[in-house]
Amino acid sequence: MAEQNFDVLVIGAGPGGYVCAIRAAQLGMKTACVEKLPTLGGTCLNVGCIPSKALLQSSEMFHLAQHGLARHGVVVALPALDLAAMHGHKTQVVKANTAGVEFLFKKHKIAWLKGAARIIGPGRVTVTGANGAAETVSAKHIVIATGSESAPLANVAVDEKHILTSTGGLALAKVPKTMAVIGAGYIGLELGTVWRRLGAQVTVIEYLDRILPGMDAEMASEMHKLLGKQGMRFKLGTKVTSAATGGGNGVTLKLAPVAGGAEESFAADVVLVAVGRRAHTEGLGLDEAGVALDDRGRVKTDAHFATNVAGIHAIGDVIAGPMLAHKAEDEGMALAELLAGQKPHVNYGAIPGVVYTWPEAATVGKSEEELKAAGIAYKVGKFPFTANGRARAMAMTDGFVKILADAKTDRVLGCHIIGPEAGNLIHEMVLAIEFGASAEDIARTCHAHPTLNEAVREAALAVDKRPIHI
């Protein structure tokens, strides 16, 4: 059979890869995408963003039925948990999303090459199927979009039964009595929240002396307080030195203070390892192809996503930058347009981050710590949800909006929201940063009443020390 030839060959069908493939096909390029999983969508759609948000939504509804409906005058019997049905909903959500991507591939005539890809030379890739059969294809442009995988932790061996990555953490068949979460980042707090709502006693163990590393410190402190009120426990400034399973007692961890001190044992039914993610490059033949990696094992690229090898490009989690699905999507679209001769641009200063606990935490732009470190003079405007009429009506008044603006120009430099629907509210400020808006621009823009978005406007007014409702 003659070797297939494409204009663009994308390796990996996650958010970065499938979006790149679709955009390339829209622009008239003959496109293929290699994916070894039985479904499209990568980690995000199959075992990451989508199923975790389904469980977060379902567990929030369960918690609301237990603790939040009565104050609205809705009195129900104590709800019972049907975990199998909850997982069933999650599965259907995943199927709908992955099937949607497959439909889009057919719509845009993108060839789905099922198997594992290996670069064997300039413009040439072998694709090995699950049955071991291999074919060689060629392409003018090869795009590495293989994403990331859970980072391992020394002396803590994952078995996905008692010691879990996020994949196992999404599939527990019963609610554990106790759960230890190693790592207080986005993934650890979100999955810890799911199982805490469903009845587990959750303890988060974090190496640093704070949760949510990299997020604005005031935001992280507020989230720590609110999650603590929900029953989540924390051991900060603590390292895990070993883990042992067996004896029917779940997992026994050995913990030690980072600052030094006596070691202690900590037992839990299950342990979730959520210490971050690492670029997935294994088996791609990058060494043989001469593709350079950085000191963290990520593919090195220039500003146009090109590697040091002509015709080979990379996007998403496998390159530097935040490991976020929407960042990968933007890069995928931009790269396809670059290959078509256009001049797109990804503004890395306007990429939001969201923690999907409840309340949610969302951020875009610079934190106060980053501005201080850079010596940039700034103004702060804050507004609490306790003073927002819609939040009061929802009985969801935890949190605040904080806007950081340049002290001289008033240009918005960052925004940090913790509160109801923060992940939706942040996008007004993402757009503001994208277009170089000032806090005054936000303050002068009419916001419907009563809405949660009014808290954003009030925070913008507070930058100039003239909020109306506090």
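**Reading buried charges and salt bridges**

Modeller: Let's start with Lys402 and Glu368, which are both buried in this predicted model.

Biologist: How should I read charged side chains like these, and what do the side chains of Lys402 and Glu368 form where they meet?

Modeller: The general idea first: side chains of opposite charge can pair when their charged atoms come close. Here, Lys402 and Glu368 form a salt bridge, with N to O at 2.7 Å. Lys402 sits in strand E21 and Glu368 in helix H10 (residues 368-374), so this pair ties together parts that lie 34 residues apart in sequence.

Biologist: And how buried or exposed is Lys402?

Modeller: Its relative accessibility is 0%, so Lys402 counts as buried.

Biologist: Which salt bridge does Lys402 form with N and O atoms 2.7 Å apart, one that reaches helix H7?

Modeller: That one is with Glu218. It's another link between distant parts of the chain: Lys402 in strand E21 and Glu218 in helix H7 are 184 residues apart. Glu218 has a relative accessible area of 28%, which means it is partly exposed.

Biologist: What about Asp216 and Lys402: how far apart are N and O in their salt bridge?

Modeller: 2.8 Å, side chain to side chain. Asp216 belongs to the loop between strand E10 (201-205) and helix H7 (217-229), while Lys402 is in strand E21 (residues 400-406), so the bridge ties together parts 186 residues apart in sequence. Asp216 and Lys402 are both buried.

Biologist: So which residues make up the network of salt bridges here?

Modeller: Asp216, Glu218, Glu368, Lys382 and Lys402 are linked in it.

Biologist: How many salt bridges does the model have by this rule?

Modeller: The count comes to 19.

Biologist: Now a contrasting case. How far from Glu35 is the nearest side chain of opposite charge?

Modeller: It's Lys36, 7.0 Å away. The general idea is that pairing needs charged atoms that come close. A salt bridge here has to fall within 4 Å, and Glu35, though buried, has none.

Biologist: Then what does the side chain of Glu35 reach at 2.9 Å?

Modeller: The backbone nitrogen of Ala13. Glu35 itself is found in strand E2 (residues 31-35).

Biologist: And which residues is Glu35 in contact with, leaving aside its neighbours within four places in sequence?

Modeller: One group is Gly12, Ala13 and Gly14, followed by Leu40, and then Trp112, Leu113, Lys114 and Gly115. If you click on Glu35 in the structure above, look for Ala13 among those contacts, and you'll find the backbone nitrogen that the side chain of Glu35 reaches.

Notes: Residues numbered from 1 in each chain as written. Predicted model: local features only at pLDDT ≥ 70, side-chain atom pairs only at ≥ 80, totals over all residues. Heavy atoms only, no water. Helix = DSSP H or I, 4+ residues; strand = E, 2+ residues; numbered from the N terminus. Buried < 20%, exposed > 50% of the residue type's maximum accessible area, 1.4 Å probe, protein only. Lys, Arg positive; Asp, Glu negative; His and termini not counted. Polar contact = N/O pair within 3.5 Å; in protein donor to acceptor, adjacent residues only side chain to side chain. Contact = heavy atoms within 4.5 Å.
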